[in-house]
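Welcome, and please open the model in your viewer. We will go from one selection to the next, with a short note on what each one shows.

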Amino acid sequence: MSDYMFKLQNQDMIAENTNDFQHKVERIIRDHEGEAGFPLLEEFQLVKDDIDDYLFDRQAILDSKGTERSRYTIAGFLIALPVIVMSAFPEEDLPWGGWSIIVAVAIGVGLFLLYLGIQKAIINMRLNRLNSSNPSARDYVEKVLAFDE
């Protein structure tokens, strides 16, 4: 691979990795700290380490849903699982005959949607727990994000 292509690929990866919640808030703080009206850590009885820990924990929770590739892998497995189970039975024993494959795929899509719902509920529960245990850090981050808008 040429150096030019390597640099392009790495720039894309860097841009992708720095486009998350933690980096967004840190970038806003770095760019606007010291400006008039910008929220001060002291107003919220916080130190920089508190904010760093809060942002790290929040980003870890947000990242727990996995990469796009892992989500597609799980989707493929859950959609194919009912088809694989159905293939163990002769077609004449299946309740929908020739339509059984479509029903099996629909069941697989339903399983994937159920997985996504459970995953989203767990992430929301963990975020709520983090926010309730760090109300001043949450308020500071909300003020920082509101300042940038």
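Which residue forms a salt bridge with Arg30? Select Arg30 and you will find Asp31 as the partner, with the closest N and O atoms 3.6 Å apart. A salt bridge here is a side-chain nitrogen of Lys or Arg within 4 Å of a carboxyl oxygen of Asp or Glu. Arg30 is exposed, at a relative accessible area of 58%, while Asp31 is partly exposed, at 45%. Those words have fixed limits: buried means under 20% relative accessible area, exposed means over 50%, and partly exposed lies in between (1.4 Å probe, protein chains only).

A word on the ground rules before the next stop. This is a predicted model, in which local features need pLDDT of at least 70 and side-chain atom pairs count only at pLDDT 80 or more, whereas totals for chains, interfaces and linings use all residues. Residues are numbered from 1 along each chain as its sequence is written, and side-chain values use heavy atoms, with hydrogens and water left out.

**Stop 1: the whole chain**

Switch to a cartoon view. The protein has six helices and zero strands, so defined that helices (H or I, at least four residues) and strands (E, at least two) are DSSP runs, numbered from the N terminus. Now colour by accessibility: buried residues make up 24% of the 149 residues. The protein exposes about 10600 Å², and carbon and sulfur atoms supply 60% of that area; accessible areas come from the Shrake-Rupley method with a 1.4 Å probe, and for residues only the protein chains shown count as cover. If you draw a contact map, where contact means heavy atoms within 4.5 Å, look at the pairs with a separation of 6 or more: residues 24 or more positions apart account for 77% of them.

**Stop 2: the pair α4 and α5**

Select residues 68-86 for α4 and 100-133 for α5. Two packed helices are described by the angle between their axes and the distance between the axes. Here the angle is about 140° and the axes are 8 Å apart. The axes are lines fitted to C-alpha atoms, for helices over the stretch in contact, and angles run from 0 to 180 degrees between N-to-C directions. To see the interface, show side chains: on the α4 side the residues include Arg71, Ile74, Leu78 and Pro82, and they belong to a set that meets α5 residues including Ala104, Gly108, Phe112 and Tyr115.

**Stop 3: a nonpolar patch**

Keep those two helices and turn on a surface. Phe77, Leu81, Val85, Phe89, Ile107, Leu111, Leu114, Ile118, Ile122 and Met125 make a nonpolar surface patch of about 920 Å². Patches are made of residues with over 30% relative accessible area and no salt bridge; like charges are joined within 9 Å, and nonpolar side chains (Val, Leu, Ile, Met, Phe, Trp, Tyr) within 5 Å. Which helix gives the most to the patch? That is α5, with six residues. One of the patch members is Ile118; it sits in α5 and is partly exposed, with a relative accessible area of 46%.

**Stop 4: Gln22**

Next, select Gln22 in helix α2 (residues 21-32). Is Gln22 buried or exposed? At 15% relative accessibility, Gln22 counts as buried. Leaving aside neighbours within four places in sequence, Gln22 is in contact with Leu55, Phe56 and Gln59.

**Stop 5: Gln45 and Asp53**

Move along to Gln45, in the loop between α2 and α3 (48-63). Most residues other than glycine have a negative phi. Phi of Gln45, however, is positive, near 50°. Gln45 counts as exposed, at 67% relative accessibility. Then go on to Asp53 in α3, which is partly exposed at 47%. Draw a distance from its C-alpha atom to that of Ala137: the two are 84 residues apart along the chain, and the separation is 9.4 Å.

**Stop 6: charges in α6**

Finish with Arg138, Asp139 and Glu142. The side chains of Asp139 and Arg138 meet in a salt bridge at 3.2 Å, N to O. Glu142 also forms a salt bridge with Arg138, the closest N and O atoms being 4.0 Å apart. Glu142 and Arg138 are separated by about one helical turn, because they are four residues apart in helix α6 (residues 135-148). Salt bridges that share partners join Arg138, Asp139 and Glu142 into one network. Arg138 is partly exposed at 25%, as are Asp139 at 29% and Glu142 at 47%. The protein's salt bridges come to four by this rule.
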